[in-house]
Amino acid sequence: MSDNPPSTRVLPRPSGREDPRTFLFRLTAIASLGGLLFGFDTGVISGALVYLREDFQLTAVTEGLVVTSLLFPGATAGALLGGPVADRVGRKKSLVIASVIFVVSTIACALAPSVAILIVARIALGYAVGVASVVVPLYLAEMAPASQRGRIVTMNQLMLTIGLFLAFVANAVLANLINDPVVWRYMVGVALIPAVALLLGMSPLPDTPRWYASKQMWSKAHHTLQRAHLADRVEAEYEQITAVVTADAAKGKASVLAALRREPWMKRLILVGIVLAMAQQTTGINVVMYYAPTVLQSSGLTRSASLLASVTVGISMIVFTVVGMWVLGVMGRRRMMLLGFGGVAASHLGLLITYLLPDSSLRSYLILLFMLLVTAFMLTFLATTGFLVLSELFPLPIRGFAMGASLGGLWVANSLISFLFPILAERYGSVAVFSGFMVLNVLATLFAYRCVPETKGRTLEELEGELRDRYSGMATERL
């Protein structure tokens, strides 16, 4: 479907239409339910594992498979395929499809009669998580005005941490209400509520103006801009979108791979995106999410105390994310990343020193303290900028593909670390594991300093022009 670009003269906003700020708030709240499900479904397994071991007699290997089946191949496939699918069928339709998968796979997880069925159901659930991890920030970034893009896209991260917190709370509450190993079924089944809400909420929403423009649906692109942006910015942004899409169209319709061959500078951006996404996982935050109760219980706390302690971690995640959203308004993305990776490296140094201390209650709570510090630096400085920068970094012709490739790298790194952590910790000890995290974060700090550009304060079209100049020709000699 296509139509001609409408006139660029300022058109009056039809009377009775929803205020753009109200529309953006509603749209952000609904779409970021995908982030909440991302957080809940990845975090809920931390408490469920405590009971799954007893109910299904898990070994270290089957425990790793239960955790990582959601990540690899589930979320990895969802991320790699979700981006290209979002380019083809649209950001909105991709989220609707993901919400259907969330609903069906959540029910399957809760009713799974065996470990094998549970793993299959979590692979499907992971696919939906992977799609959401790519498409939600993409959808929000393409909808938001440049002045609000940082705050709106990081709402997805806030909802992700709220999802983690709700998972920890649900685990602790249900563990105290139901004294039975099958309580894990209720823990994973709670996710059905936000999954249904995402499905019902996304169905009536429009797609993004950038996607409509890329498909030559000019009137829909203009209409969506009118709904989402204040009147004094609609025409200027529409002209920028039109200019970029028209320039791309003049080069001839081509596949993503053809565009990458034609524009080699885009390959460098994708490489930066993949490494940046994978570096997010070297923080060890997934160890906190998935294994906090296990680590704390093994360090001396009781099972119920370890679940309650993980609630403290969940609360801290929300607080640190809110603080990070405030810092985002006063500091550049690149500087935040440098502070984040450096702070996480220092926190892992504290963890490995603490593990050298003799067993005691003090040692257990010091471990919790340094876990909170890892969480603080990760969520305040890195989580708030990670998905945001990735959603800003890539030009429109490859945006979905590049986001998918980057998040695919993230999920591969996530699954490898999550699977290997209990095995390596058992074989080599926690000191060696946290030493590895420290070294990886030092390397990530150096990478961010060398390769990550500043993206704050520009429209996506302005960024595309600046990055094209920076990474093309002689400018590509220095990332």
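**Exercise 1. Burial of helix 7**

How many of the 29 residues of helix 7 are buried?

*Solution.* The model is a predicted one. Begin with the helix itself: helix 7 covers residues 115-143. Next, apply the burial cut-off, under 20% relative accessible area. Of its 29 residues, 23 are buried, so helix 7 is largely enclosed by the rest of the structure.

**Exercise 2. Length and bend of helix 7**

Compare the expected span of helix 7 with the distance between its end C-alpha atoms, then locate its bend.

*Solution.* Step one is the expected span. The rule is 1.5 Å times one less than the number of residues. For the 29 residues of helix 7 this gives 42 Å. Step two is the model: the end C-alpha atoms are 41 Å apart, which agrees. Step three is the axis. Helix 7 bends by about 25 degrees at Ala132.

**Exercise 3. The nonpolar cores**

Find the largest nonpolar core and the helix that gives it the largest share.

*Solution.* The largest core has 130 residues. Inside it, the residues with the most contacts are Leu52, Phe102, Tyr139, Met202 and Leu407. Helix 7 supplies the largest share of this core, 17 residues. Now take Phe102 as a sample. Beyond four places in sequence, Phe102 touches Leu37, Asp41, Leu125, Ala128, Val129, Ala132, Ala195 and Leu198. One of these partners, Ala132, is where helix 7 bends. A separate core of 12 residues lies apart from the largest one. Its members include Ala213, Met217, Val234 and Tyr238. As background, nonpolar side chains tend to be buried together in soluble globular proteins.

**Exercise 4. A salt-bridge network**

Which residues are linked with Glu142 in a network of salt bridges?

*Solution.* Start with the whole structure: a search finds 10 salt bridges. Then follow Glu142.

- Glu142 pairs with Arg91, the closest N and O atoms being 2.8 Å apart. Glu142 is in helix 7 and Arg91 in helix 6 (residues 91-111), 51 residues apart.
- Glu142 also meets Arg399 in a salt bridge, at 3.0 Å from N to O. Arg399 lies in helix 20 (residues 399-428) and Glu142 in helix 7, so this pair ties together parts that are 257 residues apart in sequence.

Now check burial. Glu142 has 0% relative accessibility and counts as buried. Arg91 is buried too, at 1%. Arg399 is likewise buried. Finally, assemble the network: Asp87, Arg91, Glu142 and Arg399 are linked.

**Exercise 5. A salt bridge within one helix**

Are Arg468 and Glu464 buried or partly exposed?

*Solution.* First confirm the pair. Arg468 and Glu464 form a salt bridge, with the closest N and O atoms 3.4 Å apart. Both residues lie in helix 22 (residues 460-471), 4 residues apart, about one turn of the helix. Next, compare accessibility with the 20% cut-off. Arg468 has a relative accessible area of 21%, so Arg468 is partly exposed. Glu464 has 6% relative accessibility and therefore counts as buried.

**Exercise 6. From a loop into helix 12**

Describe the backbone at Gln216, then the surroundings of helix 12.

*Solution.* Gln216 sits in the loop between helix 11 (209-214) and helix 12 (218-228). Most residues other than glycine have a negative phi. Gln216 is not a glycine, yet its phi is positive, about 65 degrees. Its relative accessible area is 29%, so Gln216 is partly exposed.

Move on to helix 12. Its buried residues are Trp218, Ala221, His222, Thr224, Leu225, Gln226 and Ala228. Their cover includes helix 1 (20-31), helix 7, helix 11 and helix 13 (231-250). Zoom in on Thr224, which is buried with a relative accessible area of 2%. Leaving aside neighbours within four places in sequence, Thr224 contacts Met143, Pro206, Asp207, Pro209 and Tyr212.

**Exercise 7. The overall picture**

Summarise the fold, its burial and its surface.

*Solution.* Count secondary structure: 22 helices and 0 strands. Take burial next: 58% of the 479 residues count as buried. Then turn to contacts with a sequence separation of 6 or more. Residues 24 or more positions apart account for 84% of them. Last comes the surface: the protein exposes about 18,300 Å², and carbon and sulfur atoms supply 68% of this area.

Conventions. Residues are numbered from 1 along each chain as its sequence is written. This is a predicted model: local features need pLDDT of at least 70, side-chain atom pairs count only at pLDDT 80 or more; totals for chains, interfaces and linings use all residues. Side-chain values use heavy atoms; hydrogens and water are left out. A nonpolar core is a set of buried Ala, Val, Leu, Ile, Met, Phe, Trp, Tyr and Cys residues joined through side-chain atoms within 4.5 Å. Buried means under 20% relative accessible area, exposed over 50%, partly exposed in between (1.4 Å probe, protein chains only). Helices (H or I, at least four residues) and strands (E, at least two) are DSSP runs, numbered from the N terminus. Contact means heavy atoms within 4.5 Å. The bend at a residue is the angle between axes fitted to the seven residues ending there and the seven starting there. A salt bridge is a side-chain nitrogen of Lys or Arg within 4 Å of a carboxyl oxygen of Asp or Glu. Accessible areas come from the Shrake-Rupley method with a 1.4 Å probe; for residues, only the protein chains shown count as cover.
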